[in-house]
Amino acid sequence: METKKNSVIESVMALINDAATIKTIILAAIEDAKKSQFTAATTKLEEADKKLIAAHEIQTHLLSQEAAGQKVQVTLLLVHAQDHIMSVSTYRELASEIIDLYRRLAETK
């Protein structure tokens, strides 16, 4: 039982860490777009997407455990991790729009 609990905690901590990394990458992509470095911005968004996919795989694993009848205890830490992943997913969507706006602005100059 303790091993399963440790595994869940490790998964949750990985989600929190991944979310922080993803947010940093996304903000760097927006900074690149501000400087009209759109190739670099796109590359960073692709990197963020790969890390988001990995984070979603961790979430899917936890959901699969729950669906299989292996109760996953909902803790404040788990809720915190989910909140971070949701927030960074929103950041990602908005970053595409912001970068597109910077691209359009650069084209008008």
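Ala-106 touches Ser-36 and Phe-38, leaving out residues up to four places away in sequence, where contact means heavy atoms within 4.5 Å. The model is a predicted one, in which local features need pLDDT of at least 70 and side-chain atom pairs count only at pLDDT 80 or more, while totals for chains, interfaces and linings use all residues. Residues are numbered from 1 along each chain as its sequence is written, and side-chain values use heavy atoms, with hydrogens and water left out.

Ala-106 itself lies in helix α3; helices here are DSSP runs (H or I, at least four residues; strands are E, at least two), numbered from the N terminus. With 27% relative accessibility, Ala-106 counts as partly exposed. The scale behind that word is simple: buried means under 20% relative accessible area, exposed means over 50%, and partly exposed is in between (1.4 Å probe, protein chains only). Ala-106 and Gly-69 are 37 residues apart in sequence, and their C-alpha atoms are 53 Å apart in space. Ser-36, one of the contacts of Ala-106, has its place in the loop between α1 and α2. Although Ser-36 is not a glycine, its phi is positive, at about 60 degrees. Ser-36 is also partly exposed, at 43% relative accessibility.

Helix α3 offers a neat check on geometry. Its 33 residues should span 48 Å at 1.5 Å a residue, and the end C-alpha atoms are 48 Å apart, which agrees; the expected span is 1.5 Å times one less than the number of residues. The buried residues of this helix are Leu-78, Ala-81, Ile-85, Val-88, Ser-89, Arg-92, Ala-95 and Ile-99.

Attention now turns to the interior. A nonpolar core is a set of buried Ala, Val, Leu, Ile, Met, Phe, Trp, Tyr and Cys residues joined through side-chain atoms within 4.5 Å. The largest such core has 25 residues, of which Val-12, Leu-15, Ile-22, Ile-26, Val-88 and Ile-99 touch the most other members. Helices α1, α2 (38-67) and α3 (76-108) each supply at least two residues of this core, and the largest share, 11 residues, comes from α1. For Ile-22, the contacts beyond four places in sequence are Ala-48, Lys-51, Leu-52 and Val-88.

Arg-92 is a charged residue worth following in this setting, and its place is in helix α3. Arg-92 is buried, with a relative accessible area of 15%. Its contacts, leaving aside neighbours within four places in sequence, are Ile-26, Leu-45, Asp-49 and Leu-52. With one of these, Asp-49, the side chain of Arg-92 meets in a salt bridge (2.6 Å, N to O). Arg-92 lies in helix α3 and Asp-49 in helix α2, so this pair ties together parts that are 43 residues apart in sequence. Asp-49 counts as partly exposed, at 28% relative accessibility.

A salt bridge is a side-chain nitrogen of Lys or Arg within 4 Å of a carboxyl oxygen of Asp or Glu, and the structure holds five of them. As background, side chains of opposite charge can pair when their charged atoms come close. Among the five is a pairing of the Lys-34 and Glu-31 side chains (3.1 Å, N to O). Both residues lie in helix α1, three residues apart, about one turn of the helix. Lys-34 is partly exposed at 45% relative accessibility, and Glu-31 is partly exposed at 36%. In helix α3, the side chains of Asp-100 and Arg-104 also meet in a salt bridge (3.2 Å, N to O). Being four residues apart, Asp-100 and Arg-104 are separated by about one helical turn. Asp-100 counts as partly exposed at 24% relative accessibility, whereas Arg-104 is exposed, with a relative accessible area of 51%.

Finally, there is a nonpolar patch on the surface, formed by Ile-9, Met-13 and Leu-77, with about 240 Å² of accessible area together. Patches are made of residues with over 30% relative accessible area and no salt bridge, with like charges joined within 9 Å and nonpolar side chains (Val, Leu, Ile, Met, Phe, Trp, Tyr) within 5 Å. Accessible areas come from the Shrake-Rupley method with a 1.4 Å probe, and for residues only the protein chains shown count as cover. Of the patch members, Ile-9 is found in helix α1 (residues 2-34). Ile-9 is partly exposed, with a relative accessible area of 37%.
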